Structures are given as structure tokens and as C-alpha cells.
Amino acid sequence: MRVEVDLRGRVCADVSAAAGEVLVVIGPNGAGKSTLLRAIAGLEPGRVRVGDDDWTDREVPRRRVGYVFQDQSLFPHLSALDNVAFGPRARGRSRREADAAARGWLERFGIPDLAGRKPRELSGGQAQRVAIARALATDPDVLLLDEPFTGLDVSAQMALRNELGEHLRDFAGVTLLVTHDAIDAATLADRVLVLDEGRVAQVGHPAEVAAEPRTPHVARLVGLNLVPGGDELIAFPPDAVTVSLTEPEGSSRLRWRGPVATLAPHGDAVRLLVHAAPDLLADLTPAAAAELGLVPGREVWLSAKATAVSRYGARG
Amino acid sequence: MRVEVDLRGRVCADVSAAAGEVLVVIGPNGAGKSTLLRAIAGLEPGRVRVGDDDWTDREVPRRRVGYVFQDQSLFPHLSALDNVAFGPRARGRSRREADAAARGWLERFGIPDLAGRKPRELSGGQAQRVAIARALATDPDVLLLDEPFTGLDVSAQMALRNELGEHLRDFAGVTLLVTHDAIDAATLADRVLVLDEGRVAQVGHPAEVAAEPRTPHVARLVGLNLVPGGDELIAFPPDAVTVSLTEPEGSSRLRWRGPVATLAPHGDAVRLLVHAAPDLLADLTPAAAAELGLVPGREVWLSAKATAVSRYGARG
Amino acid sequence: GDGDDGEQTLTVLAAASLTETFTELAATFEDEHPGVEVELVFGSSTTLAEQAADGAPGRVLATADEVSMGVADDAGVLATAPEPFVGNTLTVVTPPDNPAGITSLDDLDAPGVDYVVCASTAPCGAAAEELLDSAGIEAPPASEEVDVKAVLARVVQGEADAGLVYRTDAVAAGDDVAEVAIPDADDVTTTYVVAPLSGAAGASADLAAEFVALVRSEEARAVFTRAGFGEVASP
Amino acid sequence: MTGPRLGRAPAVLLVPAVVGVALLVVPLVTLVVATPWRTLPEHLGSQVVREALVITALSSLLTVVACVLLGTPLAWLLARVDFRGRRVVRALVLVPLVLPPVVAGVALVTALGRSGLIGQHLPFTLPYTTSGVVVAHTFVSLPFYVLAVEGALRTHGASYDVVAATLGADRWTAFRRVTLPLALPGVLAGSALAWARSLGEFGATITFAGNYPGTTQTMPSLIYVALNSDPTVARTLSLILLALSVGVLVLLRERWAVGR
Amino acid sequence: MTGPRLGRAPAVLLVPAVVGVALLVVPLVTLVVATPWRTLPEHLGSQVVREALVITALSSLLTVVACVLLGTPLAWLLARVDFRGRRVVRALVLVPLVLPPVVAGVALVTALGRSGLIGQHLPFTLPYTTSGVVVAHTFVSLPFYVLAVEGALRTHGASYDVVAATLGADRWTAFRRVTLPLALPGVLAGSALAWARSLGEFGATITFAGNYPGTTQTMPSLIYVALNSDPTVARTLSLILLALSVGVLVLLRERWAVGR
Ligand SMILES: Nc1ncnc2c1ncn2[C@@H]1O[C@H](COP(=O)(O)OP(=O)(O)OP(=O)(O)O)[C@@H](O)[C@H]1O
Ligand SMILES: Nc1ncnc2c1ncn2[C@@H]1O[C@H](COP(=O)(O)OP(=O)(O)OP(=O)(O)O)[C@@H](O)[C@H]1O
Ligand code: MOO
Ligand SMILES: [Mg+2]
Ligand SMILES: [Mg+2]
């Protein structure tokens, strides 16, 4: 599949994916992730090829997509079951078949007893499951999942991630999954696509992207500090940062200064956000934090252990 | 503040909170979290007292709440600025004052340049920020935040959590914040309220609830295994679980058997979900996982190190 | 249409002001012609004439003026030349208690008197205009009603202090109005005309001619006179 | 269910609403009071009245059917499809609203009359038949229907149509299963408008279809004739028409309210 | 913007839509064709016609204003407030739709006429005045307006009203800033209906307000009167009315379309 989208101020990207591939799309708010998905579905203009077919001029109903909209967009006048059965019926299956398929999906997602409910009678998470079921039930060529796990409780997230993973293993088409959660990228992605301000900032295998993030957003997502250094980027984990109240000795250029913005527990450690240039994270033990007398606003020096730092080119 | 709600099939709870308190509400999908908030706002029937005032028969507009709805519910015909300024204006401030206040909130949330956009021209995360700004701008007595951080990218989540935390420190009223994210509970909560199937399952300080979870949902949320043992509950972390292919020796009753459901990377470890009774999590090193030849479907034995286990009464 | 089973229908298109008299005459006609049913279609003379000209089903056309009949005549749908059968003259009516104290045509000129007439385009309006002019009335009417029934209704409801209507209408209204006789009214009359329509063949052509004959008969004259109609004005 | 208490209805809305109701209801009440009801059974029993009632009921019902069948697609076209000349079509569709009914009748005669431009080529005649009555009523009522339904369609917007399209629904399926059900209140409002307009119509009817008892004489035409002989009878007949239509409306509305 | 391509408009919708347009437009076209246009300037120049046009324009405009002011709150009351007897009020509000216009005029006379039940106590008289024309038009047009707006209000539902209430908006504020703007397409549709109905109305007007050039004679009354003597003049006058109203509609619609 190949998509070329050029919408000033929203997204300007050229994205390819192989059949069967799961592409996880990440990026900050307003990066253009939803717009990219909308273009593939034909809701925004853009050149789209899927396999041997040119979809560019194909009408929306004839593009075989399964779309989980970011805002669910369940039909308010139809029950959960009818919402899920809508796609199969629109694509020509009999009422009985479509209902049976829909019922199957609702069961798979743990909400068979809500089949008769109207969307306004569902909780947010329940509605989200119906929305995913509706997208998968259409038997699409391309799956477009815009933050499919938002609003789901932890168990449901885990269960649905598994269900979806299983489904995707057998799925011959392309999947684009938008998420703000690093776990989705780690567990579901064949490749990760990073969007930033409407442009493709990075594409690569999940481990690659996690190890050598190219945007502050991805670095934050995978929990790394990222510092631009001329042509190269420098990445290091928060627990590789040493915090001190006075300027550290030595000639290392890997040191920064700034006020503590926040302190928060992070596992067994205390995680510090420091407004240096750029913002940096530092993990230290509660004992060390107490000893340094760290409170928000306090100026500190940070330095990174050279051994824990990785350097790589700013352009892949 | 005190709320008594009794809506068959949705929620049946009696909840109190002190002035200035931040109550984080957690629970699985459909537990009744949103319904509880709606009752406080007067959108569902229920007895509500706030301070010395009885709100039970008070009309919705006269309850001074700031509500972030789970589905945002931004007015589609108003710009972001007008959405945020709506509350102040409805509560009697002049147009100029309301606009200034709204502009201040949009700036605080990093989207001053989107002030003139209609909701349909905003990305999901941008709209979510407008929704939070709209709720805070009304200068309410009670803040009702239904999953306020969904759809936000990691940096925005962190920034908004800080902004909100700062705002809440000075806030004299009661805050109820619904979330599926353990971080919110850890960083913002004075107390945590656990709902399960419409009932209050547990109330307590965040650390308390995290240490001695009473429902499988909370246990999963804080990353613990929870096993019912008659009158008491047994909790232990996944890294306290030993995985073996044969029945472990000794007479400990802390052992279970079942097929591996999933394996996923978790930090440096591999996290296993095993369909025992109940479902259990186990962390082990990638080396160990490889050595045991673990694949989904494989039957394994699990046992918990007695020293890492905590036992406590099933009823607080 | 015309029945084949011995039952015959004779459709008569008649001006609305003939409603009561023609209903009575139709009953008489049915009594004299067993097996024949007279279907009466009432409407404004102009509409009926235009519809007849367009070939509307009907065997007889009776209009309240000669101009309308002319439309049908010009279209060539009349079987024979139209013939006048009654005339009608104007009169002044007031509400029974006569609140404005109208006693003559001249009183219409008094200040504060609301009187109504037909619009000058309607036959009764043209007649009223002529009458008012000859009497030298200067005050304009409060309203120019579309037809004489509307004028009458105004007076009956007490909405107008006086109205110029046909004598037939004054008679039909009975006690609902008081009549103020106008000496010179007979000078201004309208003429009702009737004609059989062509396209009628055989038996029903005969029936149409017979109905026209009935309308112009002495027997009918009694009915018309009772309703307040007068003689056809001599040319 | 009573729903959330959003506050008392404010005087600034209540007062004009009550004035509006009064303006509409008071004349009716005085009409009812001023009409002799004694003669009502006698009128109801007469064959002419019964025939007129049947024709009125039949033609108004058929008019609603025609409006729904023709007007719903037309409203959809105007609300949802971008085509050249849409504005002109929309304005033209409204024009029959503006025509005095008698002129509408004249227009129908010039087009569909026996010697009308189109009518002379038709294999059947419309004037002076019950079908003609339905045509006249539809001509007069259709714009009302279209405007009401178009308003409802626009109110909802096309967002759910788009969702349906992504699920593979072609426009017809989306129309049938999404657009139309969501616009149902508008369709019902439009149908009520069309029905009511048809019940009261007489100028276009009498001009185009004539006033033949048993075929084209509707209640309003009968009332017109009665006005010429006995205004009291005309009022009584009006009240019969009125009572029946109120009855039907109350019954129908009850149904809708339950369905909602 | 052209928006997403949702597919071709299907024949099953297009065909009835085109039939509907044809039914409405063909009679108009034949009317235009069959009317002598030569005499038009002469008519336009005549004082009677000019006066009638002014009164028609003025009274239809005031009617729309009255409908918006009275009808919008009424529609809101019917769509949003649960009160006892709502169903009956709703049915009663529709009744004037069903009345033949002349009977509507009679009802107005019995209520508001010089010697009407209410009218005899009023310090002013409505019959024979331009105000009377507006009252008659409003009586006839208001139900159309209310029904269209109520349909639009119901289509949208009350969910944003609830959101506004949580933000402290009382019902009036919510109505003004949320309910009304969201129902705007319905309000516009209703206004167009009311305006058009008022433009063509004559039965109730002539019966209640009378027909005097310069005070109460509207174009439709003039046309009706003209029909009695010279149908050709009546047609020409109708076409003037028609052309002007189409012009206004096209202009207005252009505005709306831009606003949307
Ligand atoms: N209809 C529109 N008109 C103009 N700009 C728009 C429109 N819709 C979206 N945008 C802008 O386009 C950019 C991309 O939006 P998009 O919804 O694709 O972001 P996103 O990556 O999905 O963000 P999020 O994570 O918040 O959902 C945003 O800056 C947004 O404000
Ligand atoms: N209008 C309604 N009618 C009937 N049941 C309803 C209605 N609204 C919600 N429910 C049910 O009430 C229960 C509680 O719903 P609620 O929205 O409060 O859940 P929640 O805790 O907010 O869940 P989530 O995390 O998914 O948002 C759910 O089982 C839901 O299906
Ligand atoms: O319809 Mo008439 O009888 O010409 O006034
Ligand atoms: Mg998005
Ligand atoms: Mg919820």
C-alpha cells in the first residue's frame, strides 16, 4: 500500500506498507495521524494505492476499510449489535449472517450482553469495544485504528490487545494503528511510523525506533532523554543522569543546568523533570532526592554518564 | 461533599469527600464511574450535599461544577475560545473578561493559536485540552474530570498532569477524577475510590490501595497478582513468581497451573500472562523464557515466593 | 358519466349564487325524469366557464353574467346560444339592529360608517360602483369583497355597518340582516344566462335541453322569485 | 423519565409561547362556541358530506404518500448532493408556496389540463378526476414537505453518512439505514405539514380538478359551496373537518411520542 | 470544498427527486409560457399593483418576524419542556393548518372582529387595517413555522443543552447560545415556509382584514379579484409575485449557503 497526502497545515506525507504489515503510527497531538488515516479511507484528498488497485478516485464505500474513529462515531439510532452488523450487511451479507458475525465479535470482546443497548446506554469503554468490533466485522482490506484502546480499563486493554494481535496475525491486509502508548508499538507493530508536524520523522522497526528516537516525542514515549548535538542526536535513559547541586567536575559536554519542574514517584525511584535546554528526565533514589533537598524550582546540574549514551545521525 | 446514588444496574454508591480533596475514581469499564459524576452534576438522580448546601433538588445550572465529559462534548458551533469562555459568560462575567480568562487557559495548555478553530478542525488531543480548559475556566465548586488525559500525547499528559496538579493544590473544592491510568492515582490523588460493578469496592490512600488491592482490576492496574484465599486476599508482584514446566516441590499452597496466554516484553523482563485460576502475571528474564521454551498455549506451573506475598482481609 | 344501466346522470355546472334554487330545480327535474340523476357542480362563474371551455364533463352551464358565458361560447362548447333566465338587483343590508342608523344610500357617506361592496371586477361590484356613482357617494368602502357572499357575511357578523348585496342574498339571509330599499336599484341589474353544452349526444342532449327549458319555465320562475331574483332586464 | 432538571422555563420564552398558542387557539375556540352543534348529526348523515369526507381523507392520505416518495429524495438531493444549479432548483421548488392557490390551479391547468401543454399528450386525463385532486394537493403540499425535511437533514449534518460510507454502505444503503432514520422527526413534521395543507386546500383543487360531488368535491370545496347558501352549515362542516383532523393528529402524535 | 466522495446518487433517489422537481416546475414553466408578458410594464406601473406589492412585502415580512418571535419559543416549549397537556397543545397548534383559509378568516372574525368575542373589548380594530392582514397571515403561517422548527429541535436532541447547563447556563442562555444556533437550519427553513405561505395567503386575509387598495389589498387578493374579470391579468400579476419571490429566495439562499 502506498499513500501520498499533501494537506497544508495538517499532513504532508508519503507512506508505504507491505501486505500483512502492521504499521503503528505515533506522534504528538496534531501531528496529522488521524488525517493520514482519513485520507486512506477517502475522507480527505490524497493518492492511495492498495496492492494493484488505485484507490485515489475510488468512492469511500468502495474502499474496503475497517475504521475505528477516534471519537467512536457509533450510529446513535442503532443498537450495539446493529452497529457491528452494519458493515457486513452493507457489504452484501444477509441479515442473519451479519447478525451472527456481529454477535461473535461482541462475544469475543466480552460484551455479548450489551448487544441490544443503544450507544447512549453504554459506558465509554463499552462503546469503544463496539467501535473496534464494528471495524473488524467488515472484513476489510485495510484496517485503520485510531487510538483503539483509549477508554478501556487495563484488563480490557490487555485482552483486546491480545485479541487484536491474534486477529492481525492472520490478516492479509495492511493495518495502521494510531496510539499514544508505547506498549502498542512494542507488542503489535511490524514497523513504527513517527509523524511530527505533519511530516514523517522516522520509520523503522519498533526496537530501532525505541533505541534511536529522532523526535522528542518518541524519546519521551520510550522514556529516553534526547539532546540534539549538531548533526547527531544523543539519547540516554533517565537513570543514566547524575543530579548535583554544584557544577560537576571534568570536561564532558554532556551537562546541563536548570530548575526542577516536578518530582514524581517512578517505580522504586523518584523521577525528576528538569527545565534545562531541552527538558530532561532524571531518575534517582528517594534517599538521594531527600539528601539533595530537591523541591520544584530548585536549580540543579545534570550530567549523563558517557557509557550510557548512544549517538546517531539525525537523519536515518 | 457527600453523594448517594442508587441507579439499578448502573451504580449504587455512597461517597464522601472533604473540601479540597482530590478523589481519583478507578474501576473497570461499566463500573459506574461516569454515572457517579453525572449524578453529582445533576444529570442523573441522586442525593448530593456539598459543604452546607443540599444540591439534591438544585437545578443543573445552579450546581457549580466543572465537568470534563468522557466524550468531550464541545459545542460544535463555537470556536475553541468561545467554548472555554462559555462557562464564565454563563456565570455572569463580561464578554471581555471571559475571553481573557479563556485565552489564558488555552495558553496554559499550549494551544493559544487554536483559539479560533471550530471543534471539527481540531485533532483529538487538541479538543481534549479545550475540554479541560472549559471545565476549569468556570471557577467551579466541584471538579468532575472523566478521563481527562485520554487522547493526549505523553508530553502533553505530563504537562497537563502538572498543570492540573498545581491548579488542584490551590483548589478549595472537591475534585473527582476518573482514570484508567495508575500514574494519575499516584500523582494526583489524595484518596482513591475503587468502583466495581456499581459498588464501592475500596476507598483509601493511593499507597494503601496500591499495596492491598481488593479487586482484580486494581491489582492489574498496579501490576500485582491477586488471589482470593477464603476470608483473605493474597497479593504478590509478577517478579515474585517462579515459572516451571513441572510441578514445583514443597507443600506451598501458592502454586497454580495453566496455559501461557501471552508473552510480552516488559522493561528488561518478559511478562507472561497465564490462564490459571485466576489469570496471573509472571516476569522472568528473556534468557529464562527462552530456556523454558515458552510459547502461547504451553502449560506451565507457577509458584509465588512466600516472602514476597502479602495477605490481608478481604473487607477493609 | 352517463350510466348504461338505465340510470342517467345530468351534470350541471352552475354559478355558486344559484346553489339553493338549482338544488330545488334539480329535485323537481329528477321527479319528472325517473332514472335521471342531476349532479350539480357549483363554482365561480369564471372558473366554470373556463372549465367548460376546457372540456370539463357537464351538460349544462349557468353563469351569473354574460361575460363568463362568452368564454365558453368563444371556445365553441355551447350546443345552442345562451339564453337569459333571471336578473338580480342590488339592495343595501345592515345588521338587524342597524347600529349606524342607515336609512338610505346617502347615509353611507356619513363619517364613521363602515360599508362594504363587491370588488369592481365582480359583476356585483360593477353594479355597486354604478349605483354609488349615480347616487354621488364619495366615501370609499372599508373593503371590496371578492364576492357578494363575503359582503353579506361582513354585515351578518356585524363587521360592517352596511353592505351592497343582491336582493337574493338579502332574502336568503332572512332575519340575520335588515334590508334598506333603494328606489333606483332596478336600473342596475345583472343577468344570469344558461346554455346546454355540446358534446352531449342522443338522450342526454335531450335531457340538457329539457333542463334548460325547466330553468326558463314558469314553474322555475316561482322558485327564483321566492329566492329574490327579479326579471331579466330588457335590453 | 423526566431527565435532568435544567431549570425553569424563562418568562422570555414562556410569554411569547403562550401568546402564540393563544393566537392560534382562541379563534378556534370562538368558532366552536359560535357554531350550532345541534345540526351536526344531520350533516354527518348526508351523502354529500360523507362522500366529501371520503375524498378528503383519501386524497390527503395519497398526497402524504406522494410527498414522502417524491419529497424525501428531493430534500436529500438538496441537502446532500452538490450539483450545479442547486440553488436555482431549491428556489424553484419553493415557488408553488408563493402562488395563490387559485393561480396554482391555473398553472396546473395550463400544464396538465385536457388541452394543457403536457396534458394533451397524456394517455389519461387528470382534471375532474380524483387523481387530479391528488396531483393538485401534491403540487401545493410538496414544497412544505421538502423544506421541512431539508431543514432536518441539514440540522443533522452528513457526519454519520460518512461513517456509513466507510463501512461500505453506498448512498442508497446509507440513506435508508442512517440518513432517513436520523431525520425521522423532520420527516414526520413534514408529513404532518403536507397532510394538513392537503386537508385545507381548495383553491387549486377546485380550479384544476373541479368540484364534482363524489369524485373531486373535497370538504373544503363543499364548505365553499355551503358558504354560498348557508354560512352556518359551512361552519358546522368546517368543525367536522377540524374535529376529525385534531383526532388524527392527537392519535398520531401519541404514537410518535411513544416511538421516540 | 467538495467533501468526501460518498458515491453516485442512486437512481432510486434521483428518479423520484427529478419527478418531484418536474411536478413542481413544469406547471410554472407552462404558466410563464402561456402568459402575455407584453402587458407587464403597464401593470407594474399601475398604482393598484404597486400598493398591493408594498402591502404584500410589508405584511409577509412582519409575519415572518411575528412567527420567529412567537413561534420559536413555542417550538422550543413543545420540543424541550415536559408539561401536562403538551400533546393537546401540539395538536391544537396544528389545527389552523387544516382549516380552509376562508374558515380561518371566519374564525378570526368571530374572535378578533369588531364585534368578535375578544375584538369588541380591544381598544383598536383589526379588520380593514394592515395590522389585521399581519394577524391573519400570522395565524395561517405560524403552525408551519412551529412544526418545522420543532422538527429541527427534536432532530438535534437536548444533549448540548445539558452540557450548557453544567456550565452554568440557565435555560434562556442555553437557548440563545446553544439551542437556537444549532437549530438554525430549521429556523431558516421555517421562516421560508412562513414567508412563502404569507405571500400566497388570501382566503383568511380577505375574510378577516378585507380588501381595500392601499390598506389591506395584497397581491393574492388583487389576483383573485382580477380572476373574476380578466384571467390574463391575474396570470400576469401572479408572475410578478412569483418573479419577485424567486428573486428574494435565490438571494437569501445564497446568503445562507455562505453562512453555513
Ligand atoms: N478540518 C480541519 N481544518 C483545519 N485544520 C484541521 C482540520 N482537522 C484537523 N486539523 C489540524 O490538522 C492537524 C492534524 O490533525 P490530526 O487530527 O490529523 O492530528 P492527530 O495526529 O490525529 O492528533 P491527535 O493525537 O490529537 O488525535 C492538527 O493541527 C489539527 O488542528
Ligand atoms: N442510559 C443508560 N441506560 C442503561 N444503562 C446505562 C446507561 N448508561 C450507562 N449504562 C450502564 O451503566 C453502567 C455504568 O456506566 P458508566 O458509564 O458509569 O461506566 P464507567 O465506569 O464510566 O465505564 P467506562 O470506564 O467504560 O467509561 C454500564 O454498565 C453501562 O452500560
Ligand atoms: O360565483 Mo358568482 O355566482 O359569479 O359570484
Ligand atoms: Mg487524532
Ligand atoms: Mg465512563
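How far is an oxygen atom of ligand 1 from a polar backbone atom of A:Lys33? In this predicted model, the separation between the ligand 1 oxygen and the polar backbone atom of A:Lys33 is 2.7 Å, and this contact is a convenient place to begin a description of chains A and B and of the two ligands that lie between them.

**Ligand 1**

Ligand 1 sits between chains A and B, where it is surrounded by 19 residues, the closest being A:Ser34, A:Thr35, B:Arg117, B:Ser123 and B:Gly125. Besides the backbone of A:Lys33, side chains of chain A also approach the ligand, for a polar side-chain atom of A:Ser34 is found 2.6 Å from one of its oxygen atoms, and a polar side-chain atom of A:Gln70 is found 2.8 Å from an oxygen atom of ligand 1. On its own ligand 1 has 640 Å² of accessible area, of which the protein covers 86%. Helix α1 (33-41) of chain A and helix α4 (124-136) of chain B each supply at least two residues of the surrounding shell, and the shell as a whole divides into one nonpolar, twelve polar and six charged residues.

**Ligand 2**

Ligand 2 likewise lies between chains A and B, and among its 19 surrounding residues the closest are A:Arg117, A:Ser123, A:Gly125, B:Ser34 and B:Thr35. Three of its polar contacts are set out here.

| Protein atom | Ligand 2 atom | Distance |
|---|---|---|
| A:Arg117, polar side-chain atom | oxygen | 2.5 Å |
| A:Gly125, polar backbone atom | oxygen | 2.6 Å |
| B:Gly30, backbone N or O atom | oxygen | 2.8 Å |

Taken alone, ligand 2 exposes 640 Å², and the protein buries 87% of that area. The elements that give two or more residues to its shell are α4 (124-136) of chain A and α1 (33-41) of chain B, while the shell residues comprise one nonpolar, twelve polar and six charged.

**How chains A and B are related**

Chain B can be laid on chain A with an RMSD of 0.1 Å by a turn of 180 degrees, with a shift of 0.0 Å along the axis. The two copies are therefore related as by a two-fold rotation axis. Among the residues of chain B, B:Thr150 comes closest to this axis, its C-alpha lying 3.2 Å away. Because 100% of the interface residues of chain B are also interface residues in chain A, the copies meet through the same surface.

**The other chains**

Chain C touches neither of these two chains, since its nearest C-alpha distance is 51 Å to chain A and 50 Å to chain B. Of the eight pairs of chains that are in contact, chains D and E share the most contacts.

Technical notes
Residues are numbered from 1 along each chain as its sequence is written. Chains are lettered from A and ligands numbered from 1 in the order in which they are written. This is a predicted model: local features need pLDDT of at least 70, side-chain atom pairs count only at pLDDT 80 or more; totals for chains, interfaces and linings use all residues. Side-chain values use heavy atoms; hydrogens and water are left out. Copies are superposed by least squares on the C-alpha atoms of residues with pLDDT of at least 70 in both. Contact means heavy atoms within 4.5 Å. A residue is near a molecule or strand if one of its heavy atoms lies within 4 Å of it. A polar contact is a pair of N or O atoms within 3.5 Å; within protein, one must be able to donate a hydrogen and the other to accept it, and residues adjacent in sequence count only if both atoms are side-chain atoms. Accessible areas come from the Shrake-Rupley method with a 1.4 Å probe; for residues, only the protein chains shown count as cover. Helices (H or I, at least four residues) and strands (E, at least two) are DSSP runs, numbered from the N terminus. Ala, Val, Leu, Ile, Met, Phe, Trp, Tyr, Cys and Pro count as nonpolar, Asp, Glu, Lys and Arg as charged, and the others, Gly among them, as polar.
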